[in-house]
Amino acid sequence: MSDHHHEVACIFCKIVHGSIPAVKVFENEHAVAFLDINPVNKGHVLLVPKAHHASLAELPDDLAAETARLVPRLARAIQAATGADGLNLIINNGQAAGQTVFHSHWHLIPRFLDDAVNWPWPHADYSGDELNQMQFRIERELS
Ligand code: 5GP
Ligand code: ZN
């Protein structure tokens, strides 16, 4: 396990390397999943690539793929174990997006039809040429 790049001060690296405890539900060569200590709903799981990368945007494609491929299986297990009606997969990426632990991690949050969770996301409006401008800018960055 110690071959993964890690940061000495990082709390999730400590969990990956077993130097602080966590209630793990799954582990393989690439990633570990454990219960969030302060869950949105009970059964809230954090899926964490073992190697230290601060944010989603910095994850190597292969590691992102190895992590993402675990999501459907974990989602099925969490929904079956909790009796959840649904599930949110959320990645907070950067301080502006609410990230507090800067070792990229994926939240799997079981949801219930009658739960108290409420994300009242606002919605912006595109005007004029903005929609096509945005397409142009993102496509240019991808090419
Ligand atoms: P973020 O806001 O960075 O997306 O999410 C960090 C998450 O990590 C929070 O939901 C928080 O409850 C969880 N967390 C922080 N420290 C620990 C810890 O030491 N153990 C566990 N199991 N979860 C933690
Ligand atoms: Zn780390």
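Start by selecting ligand 1 and the 16 residues around it; Leu35, Asp36, Thr100, Val101 and His107 come nearest. The model on screen is a predicted one.

Next, show the backbone around ligand 1 and look for polar contacts. Select Gly98: one of its backbone N or O atoms sits 2.9 Å from an oxygen atom of ligand 1. Move to Val101, where a backbone N or O atom is likewise 2.9 Å from an oxygen atom of the ligand. Then pick Ile37, which places a polar backbone atom 3.3 Å from a nitrogen atom of ligand 1. With a surface switched on, consider how much of ligand 1 is covered: on its own it has 520 Å² of accessible area, and the protein covers 83% of that.

Now go to ligand 2, the zinc ion. Which protein atoms act as its donors? Select Cys10 (SG), Cys13 (SG), His52 (ND1) and His103 (ND1), which lie 2.0 to 2.3 Å from the zinc ion. Measure the angles among the 4 donor atoms: they run from 105 to 116°, and the site is tetrahedral. Along the sequence, the spacing of the donor residues reads C-x2-C-x38-H-x50-H.

Colour by secondary structure and keep Cys13 and His52 selected. Cys13 belongs to helix α1 (residues 11-16), while His52 is in the loop between β3 (45-49) and α2 (61-68), so this pair ties together parts 39 residues apart in sequence.

Last, check accessibility for the two. Are they buried or exposed? Cys13 has a relative accessibility of 1% and counts as buried. His52, at 11%, also counts as buried, because the cut-off for buried is under 20%.

Technical notes: Residues numbered from 1 in each chain as written. Chains lettered and ligands numbered in written order. Predicted model: local features only at pLDDT ≥ 70, side-chain atom pairs only at ≥ 80, totals over all residues. Heavy atoms only, no water. Donors = N, O, S within 2.8 Å, 3.2 Å for Na, K, Ca; no water. Tetrahedral: all angles 85-135°; square planar, octahedral: opposite > 155°, others 65-115°. Helix = DSSP H or I, 4+ residues; strand = E, 2+ residues; numbered from the N terminus. Buried < 20%, exposed > 50% of the residue type's maximum accessible area, 1.4 Å probe, protein only. Near = heavy atom within 4 Å. Polar contact = N/O pair within 3.5 Å; in protein donor to acceptor, adjacent residues only side chain to side chain. Areas by Shrake-Rupley, 256 points an atom, 1.4 Å probe, with all protein chains shown as cover.
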